[in-house]
Amino acid sequence: MDERGLHRLIGTIIDPERLDDDCAVIPCGDRLMVASTDMLHETTDFPAGMTDWQIGWMATAVTLSDVASMGAAPGEVLLAVGLDRPERLSGIMEGARDCCTRFGAELVGGDLDAHRELTIVSTGLGLVAPEHLVRRRGARPGDVIAVTGPLGEAEAALAGYDRHRRELLEPQPRVREGQALGRAGVSAMMDISDGLVLSLHDLLAVNDCGFSVDTARLPLPAGVPEDEGRELALYGGGDFELLFTAPPDILPVPGVEARVIGEVIPERTVLADGEPLERRGYLHEWKG
Ligand SMILES: Nc1ncnc2c1ncn2[C@@H]1O[C@H](COP(=O)(O)OP(=O)(O)OP(=O)(O)O)[C@@H](O)[C@H]1O
Ligand SMILES: Cc1ncc(C[n+]2csc(CCOP(=O)(O)O)c2C)c(N)n1
Ligand SMILES: [Mg+2]
Ligand SMILES: [Mg+2]
Ligand SMILES: [Mg+2]
């Protein structure tokens, strides 16, 4: 059983459409509030050598990335910390505060308790005008598929390519880009935290069309042999670029660097160079 299978179970308990996007969407006056919450653990998410400041930064960046993926402006962040050792707290909180400051958010609250394994839950709130909200659903055949930057860098760092350690440990959510893409009218968007291919399958699950990528167009991690780089770009997790679809005539969006990697097709499948792509990526699994 993997996390997507369990999502289907959650969808029998709460409105399943609630699970279709990177954030929950909540009416808020004449605007919409988006809300994301994400849990990170020492053993699965914080590689050896990471500083406490970087841990606080990463925990905040992952939730701001989800807010950005809806086209929203980040507002507030809350950080719940299950702390293994008290001396770690100030570094974690400072990293979280600095990430908020960098991306125009404010750290306004959270929770604290003692826990054997350092565990952090970050919650991010943002606001967006209804006409600029972007969901995962909305792709149409003939749209292009694009990404905001290089893929596979975080996984490359985990594979030993140290030049990419900063991308792994201090991910930069595409907060400005997400809002610009929303205002420009892109048709569907999400972030790529679990890898490109898994993200395309997530888009497939909520759209009535399919997705065809051309691997020659993928922005590969620098300094990695091409074949390995292509694998990392397709299946590596921990990248926080935005993946979006858009009618070709709205690109380029001023101020947003984006690389077109393929096109939306009528057939309900995910293809790379014309061949079906297996649904694989950074996925939490349970045995048995
Ligand atoms: N336990 C849960 N209960 C209710 N809703 C959930 C639960 N887990 C996830 N969701 C919702 O499902 C949607 C997708 O969540 P998911 O965690 O797969 O996406 P993500 O946060 O973009 O990815 P990642 O966590 O890998 O960065 C979100 O809207 C989220 O609020
Ligand atoms: C050991 C290790 N492996 C990978 C990464 C990169 N990484 C950071 S967040 C994330 C996915 C989103 O998290 P989740 O799906 O759990 O919400 C990934 C893949 C890391 N930091 N450490
Ligand atoms: Mg996401
Ligand atoms: Mg999540
Ligand atoms: Mg995930």
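Which atom in the side chain of D194 lies 2.9 Å from an oxygen atom of ligand 1, and of what kind is it? In the predicted model examined here, the atom in question is an N or O atom of the D194 side chain, and the separation from the ligand oxygen is 2.9 Å. Two further polar approaches to ligand 1 were computed. A polar side-chain atom of S193 is placed 2.9 Å from a ligand oxygen, and a backbone N or O atom of D21 is found 2.7 Å from an oxygen of ligand 1. Considered alone, ligand 1 exposes 620 Å², of which 70% is buried by the protein. In total, 14 residues surround ligand 1, and the closest are D21, D38, D66, S193 and D194.

D194 also takes part in metal binding. The magnesium ion (ligand 5) has its protein donors in D194, which is listed twice through OD atoms, at 2.3 to 2.7 Å from the ion. A second magnesium ion (ligand 4) is located 5.6 Å from the magnesium ion (ligand 5). In terms of secondary structure, D194 belongs to the loop that runs between β7 (188-191) and α8 (196-206).

The positions annotated in the sequence record were examined next. The unreviewed UniProt entry assigns the feature "binding site" to T37, D38 and D111. These positions span 75 residues in sequence, but no two of their C-alpha atoms are more than 14.0 Å apart, so the three gather at one spot. One of them, D38, is also listed among the closest residues to ligand 1.

T37 is part of strand β2, which covers residues 31-41, and D38 is found in strand β2 as well. The two residues were then considered in terms of accessibility. T37 has a relative accessible area of 52% and is therefore classed as exposed, the threshold being over 50%. D38, with a relative accessible area of 26%, is partly exposed. When neighbours within four places in sequence are set aside, T37 is in contact with T63, V121, S122 and T123. The contact with S122 includes a polar pair, in which the side chain of T37 reaches the backbone oxygen of S122 at 3.4 Å. For D38, with residues up to four places away in sequence excluded, the residues touched are V62, D66, I120, V121 and S122. D66, which D38 touches, is itself listed among the closest residues to ligand 1.

Attention was then turned to V144, which is located in strand β6 (residues 144-147). The relative accessibility of V144 is 14%, and because buried means under 20%, V144 counts as buried. The C-alpha atoms of V144 and P248 are separated by 5.8 Å, although the two residues are 104 residues apart along the chain. Apart from residues up to four places away in sequence, V144 touches F244, T245, A246, P248, L251, V260, G262, E263 and V264.

L251, one of the residues touched by V144, takes part in a distinctive backbone feature. The peptide bond joining L251 and P252 is cis, with omega at about -5 degrees. P252 is situated in the loop between β9 (242-246) and β10 (259-265).

A further backbone feature was identified at D273. Phi of D273 is near 50 degrees, which is a positive value in a residue other than glycine. D273 is found in the loop between β11 (270-272) and β12 (275-276), and is partly exposed, with a relative accessible area of 46%.

Conventions
Residues numbered from 1 in each chain as written. Chains lettered and ligands numbered in written order. Predicted model: local features only at pLDDT ≥ 70, side-chain atom pairs only at ≥ 80, totals over all residues. Heavy atoms only, no water. Donors = N, O, S within 2.8 Å, 3.2 Å for Na, K, Ca; no water. Helix = DSSP H or I, 4+ residues; strand = E, 2+ residues; numbered from the N terminus. UniProt positions renumbered as here; feature names shortened; annotations may be inferred. Buried < 20%, exposed > 50% of the residue type's maximum accessible area, 1.4 Å probe, protein only. Contact = heavy atoms within 4.5 Å. Polar contact = N/O pair within 3.5 Å; in protein donor to acceptor, adjacent residues only side chain to side chain. Near = heavy atom within 4 Å. Areas by Shrake-Rupley, 256 points an atom, 1.4 Å probe, with all protein chains shown as cover.
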